[in-house]
Amino acid sequence: MNRISSGAVLMNTTITGATTFIGARAQIGISGLARINEAQIGPSVVLGAGSYEHCVLLHGAKVRGFAELRQGTVLEEEAEAGHNVGLKNTVFTAAVVAGSSINFCDVLLTGGSFRNDHSEVGSGSVHFNFDPRGDKFGSLMGDATGCLLKARRIFLGGNSGVVAPVHLNFGAVVAAGSVVRKDVAENQLSSGNAPGQSGDYDLDRYFDLSRKFYNTAKLVGNLHALRAWYQKVRLPHSELADKPLYL
């Protein structure tokens with residue numbers, strides 16, 4: 001099968017990888033050199049300068065430039081990211097919009113109902129997924145039901161931080177410049193949970209483990225649900241030319 005579809009526009013681009021797929025009308029390298037390796041890029045996707053490796057971008061997704069999209073990253077239909085964005089093991093469902101200078105790793109973000117009613121991440125936002133012991137956690141923003149495009153959107157203000165693992169429920173709003181360390185309930189505003197404490201820190205003492213384990217289990221369960229959605233619904237009902245995007 002032809003892995004580069006007719007009508008794709010390749011500007012400043014290097015392409016490697018046996019599984020790389022580029023859909024019709026995609027525009028690659030619009031703002032500088034784009035490196036594509038083992039990535040599946042759908043129709044009408046627009047990519048600026050950057051590195052796109054072991055990631056999937058569905059119809060109409062857009063990344064403006066100087067990005068690094070790494071393994072496990074999925075941008076669904078019309079999802080968009082600005083400049084200087086780093087994503088790994090991160091899923092933005094349809095129409096999610098992220099600004100510039102964002103670093104997200106181990107995040108599932110859903111919410112919204114269409115292109116003008118979408119979850120949004122403000123510029124300068126960071127997901128902190130490591131703790132001082134080197135333990136790594138992920139965060140759930142919305143849940144897998146957001147794929148159905150019937151949920152309230154989630155908003156993270158600019159220069160905000162999320163300390164994993166947390167669950168931001170649908171309709172949650174995180175104030176710009178704040179750092180969130182606890183779950184945010186549905187339709188609630190959070191201005192952050194500053195610890196307000198200082199003193200000795202013991203790496204051998206663990207705190208709040210039940211919440212961390214529970215949120216991690218919820219994230220894993222939602223990722224399994226998302227995989228089933230693609231395997232049982234999206235892949236069987238996709239057009240033949242688009243099936244490489246869902247494998």
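**Exercise 1. A salt bridge and its burial**

Decide whether aspartate 131 is buried or exposed in this predicted model, and find which side chain meets that of aspartate 131 in a salt bridge.

*Solution.* Begin with the relative accessible area of aspartate 131, which is 17%. Since buried means under 20% relative accessible area, aspartate 131 counts as buried. Next, look for the partner: the side chain of arginine 133 meets that of aspartate 131 in a salt bridge, with 3.4 Å from N to O. As a general background, side chains of opposite charge can pair when their charged atoms come close. The structure as a whole holds 11 salt bridges.

**Exercise 2. Salt bridges that involve helix 1**

Work out which parts of the chain are tied together by the salt bridge between arginine 234 and glutamate 77, and then which parts are linked by the one between aspartate 183 and arginine 211.

*Solution.* Take arginine 234 and glutamate 77 as the starting pair, whose side chains meet in a salt bridge of 2.4 Å, N to O. Arginine 234 belongs to helix 1, while glutamate 77 sits in the loop between strand 12 and strand 13 (80-83), so the pair ties together parts that lie 157 residues apart in sequence. Both arginine 234 and glutamate 77 are buried.

Turn now to aspartate 183 and arginine 211, where the salt bridge has an N to O distance of 3.8 Å. This pair links distant parts of the chain, with aspartate 183 in the loop between strand 26 (179-180) and strand 27, and arginine 211 in helix 1, 28 residues away. Here the burial has to be given for each partner: aspartate 183 is partly exposed at 34% relative accessible area, whereas arginine 211 is buried at 17%. As a last step, notice that Lys182, Asp183, Asp208 and Arg211 are linked in a network of salt bridges.

**Exercise 3. Aromatic pairs**

Find how many aromatic pairs the whole structure has, and classify the pair of phenylalanine 92 and phenylalanine 104 by the angle of the planes.

*Solution.* The search of the whole structure gives two aromatic pairs. In phenylalanine 92 and phenylalanine 104 the ring centres are 6.3 Å apart and the planes stand at 80°, so this pair is edge-to-face, given that planes over 60 degrees apart count as such. It links distant parts of the chain, because phenylalanine 92 is in strand 14 (residues 85-92) and phenylalanine 104 in strand 16 (residues 102-109), 12 residues apart. Phenylalanine 92 is buried, at 0% relative accessibility, and phenylalanine 104 is buried, at 0% as well.

The other pair consists of tyrosine 230 and tyrosine 246, whose ring centres lie 5.9 Å apart with planes at 35°, so the pair is tilted. Tyrosine 230 is in helix 1 (residues 209-234) and tyrosine 246 in the segment after helix 1, so parts 16 residues apart in sequence are tied together. Both partners are buried, tyrosine 230 with a relative accessible area of 12% and tyrosine 246 with 8%.

**Exercise 4. The surroundings of strand 14**

Which strands are joined to strand 14 by two bridges, and how many residues of strand 14 are buried?

*Solution.* Strand 11 (residues 67-69) is joined to strand 14 by two bridges and runs parallel to it, and glutamate 68 stands opposite glycine 86. Strand 12 (residues 73-75) is likewise joined to strand 14 by two bridges in the parallel sense, with leucine 75 as the bridge partner of phenylalanine 92. Strand 16 also pairs with strand 14 in the parallel sense, over seven bridges, and glycine 86 stands opposite asparagine 103 there. Finally, six of the eight residues of strand 14 are buried, so strand 14 is largely enclosed by the rest of the structure.

**Exercise 5. An open sheet and the whole chain**

Which strands stand at the edges of the open sheet of 10 strands, and how many helices and strands does the protein chain have?

*Solution.* The strand order of this open sheet is 1-4-7-10-13-15-19-22-25-27, with parallel pairing. Strand 1 (9-10) and strand 27 (189-190) are at the edges with a single partner strand each, so one side of each has no neighbour in the sheet. Inside the order, strand 15 (residues 97-98) pairs with strand 19 (residues 120-121) over two parallel bridges, and alanine 98 stands opposite valine 121.

For the chain as a whole, the count is one helix and 27 strands. The radius of gyration is 18 Å, close to the 18 Å that the globule rule gives for 247 residues, so the chain is as compact as a globular protein of that length. Buried residues make up 48% of the 247 residues.

Key: Residues numbered from 1 in each chain as written. Predicted model: local features only at pLDDT ≥ 70, side-chain atom pairs only at ≥ 80, totals over all residues. Heavy atoms only, no water. Phe/Tyr/Trp six-rings, centres within 6.5 Å; stacked < 30°, edge-to-face > 60°. Helix = DSSP H or I, 4+ residues; strand = E, 2+ residues; numbered from the N terminus. Buried < 20%, exposed > 50% of the residue type's maximum accessible area, 1.4 Å probe, protein only. Pairing = 2+ DSSP bridges. Rg over C-alpha atoms; globule rule 2.2 N^0.38 Å. Salt bridge = Lys/Arg side-chain N within 4 Å of Asp/Glu carboxyl O.
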